[in-house]
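User: I have a model with two chains and would like to go through the terms used to describe it. Please set each value against its definition.

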Number of protein chains: 2
Amino acid sequence: MTAPLFDRLALIGIGLIGSSLAQIVRQKGLAKHIAISTRSEETFRRAEELGLGDSYSRDAADAADGADLVILCIPVGANEAVAKWIAPVLRAGTILTDVGSTKASVVEAVGPYVPNGVHFIPGHPIAGTEQSGPDAGFPTLFQNRWCILTPPAGTDAAAIAKLTEFWQACGSQVDTMDPDHHDKVLAIVSHLPHIIAYNIVGTADDLEAVTKSEVIKYSASGFRDFTRLAASDPTMWRDVCLNNKEAILEMLSRFSEDLSALQRAIRWGDGDKLFDLFTRTRSVRRSIIEAGQEIDTPDFGRVKPEKTN
Amino acid sequence: MTAPLFDRLALIGIGLIGSSLAQIVRQKGLAKHIAISTRSEETFRRAEELGLGDSYSRDAADAADGADLVILCIPVGANEAVAKWIAPVLRAGTILTDVGSTKASVVEAVGPYVPNGVHFIPGHPIAGTEQSGPDAGFPTLFQNRWCILTPPAGTDAAAIAKLTEFWQACGSQVDTMDPDHHDKVLAIVSHLPHIIAYNIVGTADDLEAVTKSEVIKYSASGFRDFTRLAASDPTMWRDVCLNNKEAILEMLSRFSEDLSALQRAIRWGDGDKLFDLFTRTRSVRRSIIEAGQEIDTPDFGRVKPEKTN
C-alpha cells in the first residue's frame, strides 16, 4: 500500500480501462474513495457486482462531485458531452484527465468546458486487450506499459507531477508529448494496424471462392493474428477513426503506396526486392522484444514447445 | 510408440518443419531410420548436435536413396533442383511429398521429374512459428493443426491413405483438395496476412515524423501483433510470393479495393459504415477460437490477468 494520492477518484466509464484502473487503485490504495459512473444499465450492474468501486452512479456529475481526480474512461466520441455535463461540479485544484486513443480531438472537445483552476491533462495509457467491458479489466494491465500525457502549455507542473506519480504507481512509465505528435505516433503504431486488421478480416469474410469454414480451419497460417485486433471494441474504434482522421489518412496513404510497390515486385517477380523487405522487418520485432514490449515465446506461446532433446 | 509406418524417412531440409517432423517421428517411432540432408554447413552441424536423425548427408540423393518416404522441407523455390537431383535414386513404391506453402507451383516444378511408380503427393502442414532453423523445431508443432494434401488425379489410394495416417500420427487432421484451390485459400489465410504484415512494418520503419524508438516503445497498442508474421523466414516468403503470384495478386487487389472504401468512410466521417465493419469482424475470431485454432486468453496471454475479485 502506498499513501493515498487522492481523496476521491471519479472513474467516468467502467470498461476494460476503467475497471483495470479501479482494481489497481484499490490494490495499491491510491485513492480513499473510488466513485464510478456509467450510463449503461448493464455495465452499472456488473461494476457493482464486481465491487469495483466505493460508490456508483448513473450520473457522471454525481461521481465527479468533490473528486480531486476525474478520469474519463469512455470512447473519445463521448468526451464532449460528458465534459459539458460534469463541468459545473469540478472544483479548483481537481485534475481532469482521460484515457482516449486520440489527443488533439480531446483537447478540442473537452478544453472549452474546463473551469478555471481545474488542471486538464489529457492522457493515454498504451495498454489494452481485444476484450471490453468491466469483466475484462485486470490490475496488471498497465504494468510495464507506457502512458502518454499531453498537457497544454502552461499546465501546473505540480499537477503534471502528481498525475505522473499516479500512473507510475499503476505500473506505467510516463512520457509527455504534444497532442498532434501523439496522434501521428498512434496513427502508425495503433490506428493503422487496427484498420488494416479490420479490413483484411472483412475481405476474407466476403470471398466467394474460399468458404468461411476454410478461412477458420486454416487460420493458424497467419490470418488469426489479425483477428485479435479485429475483435476490439467497435464503438471505441469508430470514434478513433472519426477523431484522428488526418493522421490516419496520411498513414493509410503511405501504407497503400508501399503496398503498390510490393504488389509490383510480386507481379514482376522481383525476388531481391521482396527478400530485402522481408529481411529488414525482422529486426523491428527483435527491438520490441528487447524493449520489454513483447513476449519472446514463439507463436505468442500458443504452443508450449516440448523439446525431445 | 506406434508401429513404424516407414523403414526409411528422408527429410530434405531440416529447418523449423523438418526438425519438428524429425522430433515427432522419433517420439512416436513412425520410421525405423531418419535420414537428414541439408545443403547448409551450419544447419548440418546443428542437426547433428541436436541428434535429430540417424544419418546425415550434405547430398540429398544420399538421404533419399532407399527411402520409402521422402519429404521435401525446403523453400518452394528450391523444389525443382532437388527433385531433379534425387529423381535417379527414387524407387518404385516410395512416397514423395513436400511441406511447401504453395501447391500448383510444386506440381509443376517437381511433377516432371517423378519416376514411374513413385507416389508424388504434394502436402502442406498448416503449422509454423515466426522462428526458423533446426533449433526452432518442436514435436507438438502439428498437434491439432490441419495438413492439406493435393494428390494429382489417379494417385494410388493406398499411398494417400498411408501419408494421411502419417500426418495423423504427427497430430494433424488431414484434408485433400485441388492444388489451385489450395493456393487460393492460402493466399487469403496466410500469404496476404504475411505480405500485409511485412508491408506495415516497412511503412513504419520508413517514417520521418515518428522515430523508430517511438514505434518500438508504443508497439503494444497494436503494431507488435504484426511483427510476429513480419519476422518469418525471408527466403521462404520470397519464394511463396514468386510461386503463388496470381492468387496473391487477386487477394491483394480485393484487399486494396476494400481498404479504399474504408479510407473513404474515414475521410467522409461515415461512422455507421465503420461501426458495421468493426462489428462483423468480431464473430470471425470467435469462430476461430471455437474451432480450436486459436487460444482464447486475452492479448494472446501476454499478460497473466490477476483478478482482484
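User: How do you know that the copies meet through the same surface?

Analyst: In this predicted model, 100% of the interface residues of chain B are also interface residues in chain A. The copies therefore meet through the same surface.

User: What makes a residue of chain B count as in contact with chain A, and how many residues do?

Analyst: Two residues are in contact if their C-beta atoms, placed from the backbone, lie within 7 Å. By that cut-off, 104 residues of chain B are in contact with 104 residues of chain A. Several helices of chain B each supply at least two residues of this side, among them H1 (16-28), H8 (212-217) and H13 (282-290). The largest share, 19 residues, comes from H7(B). By class, the side of chain B that touches chain A has 55 nonpolar, 26 polar and 23 charged residues.

User: Why are the two copies said to be related as by a two-fold rotation axis?

Analyst: Two copies of a chain are related by a rotation about an axis and a shift along it. Here a rotation of 180° with 0.0 Å of shift along its axis superposes chain B on chain A, with an RMSD of 0.0 Å. The two copies are thus related as by a two-fold rotation axis.

User: Why is H11(A) called oblique to H7(B)?

Analyst: H11(A), residues 245-267, packs with H7(B) at an angle of about 125°, and their axes are 9 Å apart. Angles of 65 to 115 degrees count as roughly perpendicular and those over 145 as roughly antiparallel. The angle of about 125° falls in neither class, so H11(A) is oblique to H7(B). The crossing of H11(A) past H7(B) is right-handed.

User: Which residues meet where H11(A) packs on H7(B)?

Analyst: From H11(A) come Arg254(A), Phe255(A), Asp258(A), Leu259(A) and Leu262(A). They meet Ile195(B), Asn199(B), Ile200(B), Gly202(B) and Thr203(B) in H7(B). The residues of this contact divide into five nonpolar, three polar and two charged. Gly202(B) is counted as polar because Gly belongs to that class here.

User: Into which domains is chain A divided, and how many residues of each take part in their contact?

Analyst: Chain A has domain 1 (6-177) and domain 2 (181-291). Their centres, taken over C-alpha atoms, are separated by 30 Å. The contact takes 14 residues from domain 1 of chain A and 17 residues from domain 2 of chain A. On the domain 1 side, these residues are five nonpolar, seven polar and two charged.

Technical notes
Residues numbered from 1 in each chain as written. Chains lettered and ligands numbered in written order. Predicted model: local features only at pLDDT ≥ 70, side-chain atom pairs only at ≥ 80, totals over all residues. Helix = DSSP H or I, 4+ residues; strand = E, 2+ residues; numbered from the N terminus. Domains from an automatic or database assignment. Least-squares fit on C-alpha atoms with pLDDT ≥ 70 in both. Axes fitted to C-alpha atoms, helices over the stretch in contact; angles between N-to-C directions. Parallel < 35°, antiparallel > 145°, perpendicular 65-115°, else oblique. Left-handed = near helix turned anticlockwise from the far one by under 90°.
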